[in-house]
Amino acid sequence: MSALPRPSTIFLAAITSLVAVLLYRPLFVPIVSSFFIISHG
Amino acid sequence: MSGAGSTHAAERRLSQLVTVLAFALPVVFVLVPLAIFLVYSFFSVDQGTIVHSPTLRNYVRFFTDPIFLPVFWNTIVLCVSVAVICILLAYPAAYFLTTLKGRWRYALLMLLLVPLLMSYVIKIYAIRSILGLNGFLNKALVALGILDQPSTLFVFNMNAILLTLSLLLIPFAILPIFLSLERIPQTLLRASDDLGASSLQTFLRITLPLSLPGVASAASFVFVLAIGDFLTPQMVGGISGFTFGRILYSQFGTAYNWPFGAALSVALAIVVIAAILIGERFGRSRGTSV
């Protein structure tokens with residue numbers, strides 16, 4: 001792919017980061033939760 | 001000489017066997033079950049027992065009952081929306097990947113595909129916790145001042161299904177779009193540059209038309225996966241998030257009406273086949289018209 005203007009690259013990188021966050025956030029929740037315990041009572 | 005001849009004959013027999021197996025496996029495991037479902041859809045149920053005499057009652061019920069057609073239509077609209085959201089997010093991401101050089105391109109691609117390896121059910125539970133009243137999304141929107149108080153807009157309704165399916169299926173859209181973008185000949189892009197076209201013109205007149213086959217494949221792929229899903233609506237849909245997959249599930253489960261479930265499956269299969277054919281036809285015509 002040819003070189004893009006800087007604003008376009010920043011925009012695409014931002015969207016890609018958003019997609020990565022959207023994809024990894026649900027993975028992050030159970031991983032973090034696995035280090036906690038539930039206290040009854 | 002006869003030894004060489006017998007070796008050739010054995011090789012021929014082996015290749016024939018492999019060919020027969022290659023055709024037999026899809027026939028036995030895909031076409032035969034579909035044919036059985038088609039046959040079942042013409043049967044009926046009487047007091048919990050399947051009556052093996054052909055009838056069109058199931059199809060008449062599907063088309064005349066006020067519940068099924070609206071749910072069917074709503075599910076199609078929902079899945080088209082999921083496909084559109086996935087394409088809108090996946091296209092820029094895939095495009096960005098193709099602008100990267102060397103191993104970074106494939107490393108980042110792998111990074112975006114890795115979430116597929118995690119359990120589907122766990123991801124749905126995690127997304128439900130994000131969309132819930134005390135979830136991350138509500139907290140973020142309240143913190144940003146967009147909402148005054150946490151909203152139930154994102155969980156146990158159609159919005160929740162839309163968001164969850166979109167999050168789950170984005171990787172399935174990224175891959176075909178990435179492959180179609182990567183296959184665009186660099187010489188075309190360089191020629192466009194040499195002829196004085198701007199980046200936007202090059203994108204609109206070369207990159208976008210040539211990547212449309214990948215977009216069409218991604219859209220039909222996401223649509224087919226979304227429309228057949230019953231687990232996501234079951235887990236995040238609540239009472240108001242009722243989709244066709246849930247009706248199908250109930251017919252084969254609690255209602256124990258396999259013939260009617262089979263008739264609904266046939267209707268769903270027709271939509272799925274149509275989506276695949278439209279995606280394939282659209283992709284091929286756009287891909288060759290440039």
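Accessible areas here come from the Shrake-Rupley method with a 1.4 Å probe. By that method, chain B of this predicted model exposes about 16,300 Å². Carbon and sulfur atoms supply 71% of that area. Of the 290 residues in chain B, 41% are buried.

Start with the overall fold. Chain B contains 12 helices and two strands. Read along the sequence, the pattern is α-β-β-α-α-α-α-α-α-α-α-α-α-α. One helix therefore precedes the two strands, and helices make up the rest, with elements numbered from the N terminus.

Now the dimensions. The C-alpha trace of chain B spans about 90 × 75 × 35 Å along its principal axes. The radius of gyration is 24 Å, whereas a compact globule of 290 residues would have one near 19 Å. Contacts reach across the sequence as well. Take the contacts between residues at least 6 apart in chain B: 68% of them join residues at least 24 apart.

Next, the charges. Chain B carries 17 positive and 9 negative charges. The mean positions of the two sets lie 4 Å apart. Side chains of opposite charge can pair when their charged atoms come close. How many salt bridges does the structure hold over all chains? The count is one. Glu182(B) pairs with Arg105(B), and the closest N and O atoms are 3.1 Å apart. This pair counts as a salt bridge because the cut-off is 4 Å. The link joins distant parts of the chain. Glu182(B) belongs to helix H7, residues 158–182 of chain B. Arg105(B) belongs to helix H4, residues 103–113. The two residues are 77 apart in sequence. Are the partners buried or exposed? Glu182(B) is partly exposed, at 28% relative accessible area. Arg105(B) counts as buried, at 16% relative accessibility. The boundary for buried is under 20%, so the two partners fall into separate classes.

Turn to the strands. Strand S1 covers 44–46 and strand S2 covers 49–51 of chain B. Ser44(B) sits in strand S1. This serine is buried, with a relative accessible area of 7%. Which residues does Ser44(B) touch, leaving out those up to four places away in sequence? They are Thr49(B), Ile50(B), Val51(B), Thr55(B), Arg57(B) and Pro259(B).

The loop between S1 and S2 holds two residues worth a look. One is Gln47(B). Most residues other than glycine have a negative phi. Gln47(B) departs from that pattern, with a positive phi of about 50°. Gln47(B) is exposed, at 77% relative accessible area. The other is Gly48(B), also in the loop between S1 and S2. Gly48(B) counts as partly exposed, at 46% relative accessibility.

Gly48(B) leads to a remote stretch of the chain. Its C-alpha atom is separated by 9.2 Å from that of Ala255(B), although their positions lie 207 residues apart along the chain. Another residue to inspect is Tyr256(B), found in the loop between helix H11 (244–252) and helix H12 (258–288). What is the phi of Tyr256(B)? The angle is near 45°, a positive value in a residue other than glycine. Tyr256(B) is partly exposed, with a relative accessible area of 41%.

Terms used: Residues are numbered from 1 along each chain as its sequence is written. Chains are lettered from A and ligands numbered from 1 in the order in which they are written. This is a predicted model: local features need pLDDT of at least 70, side-chain atom pairs count only at pLDDT 80 or more; totals for chains, interfaces and linings use all residues. Side-chain values use heavy atoms; hydrogens and water are left out. Helices (H or I, at least four residues) and strands (E, at least two) are DSSP runs, numbered from the N terminus. The radius of gyration is taken over C-alpha atoms; the globule rule is 2.2 Å times the number of residues to the power 0.38. Buried means under 20% relative accessible area, exposed over 50%, partly exposed in between (1.4 Å probe, protein chains only). Contact means heavy atoms within 4.5 Å. Lys and Arg count as positive and Asp and Glu as negative; His and the chain ends are not counted. The place of a charge is taken as NZ of Lys, CZ of Arg, CG of Asp or CD of Glu. A salt bridge is a side-chain nitrogen of Lys or Arg within 4 Å of a carboxyl oxygen of Asp or Glu.
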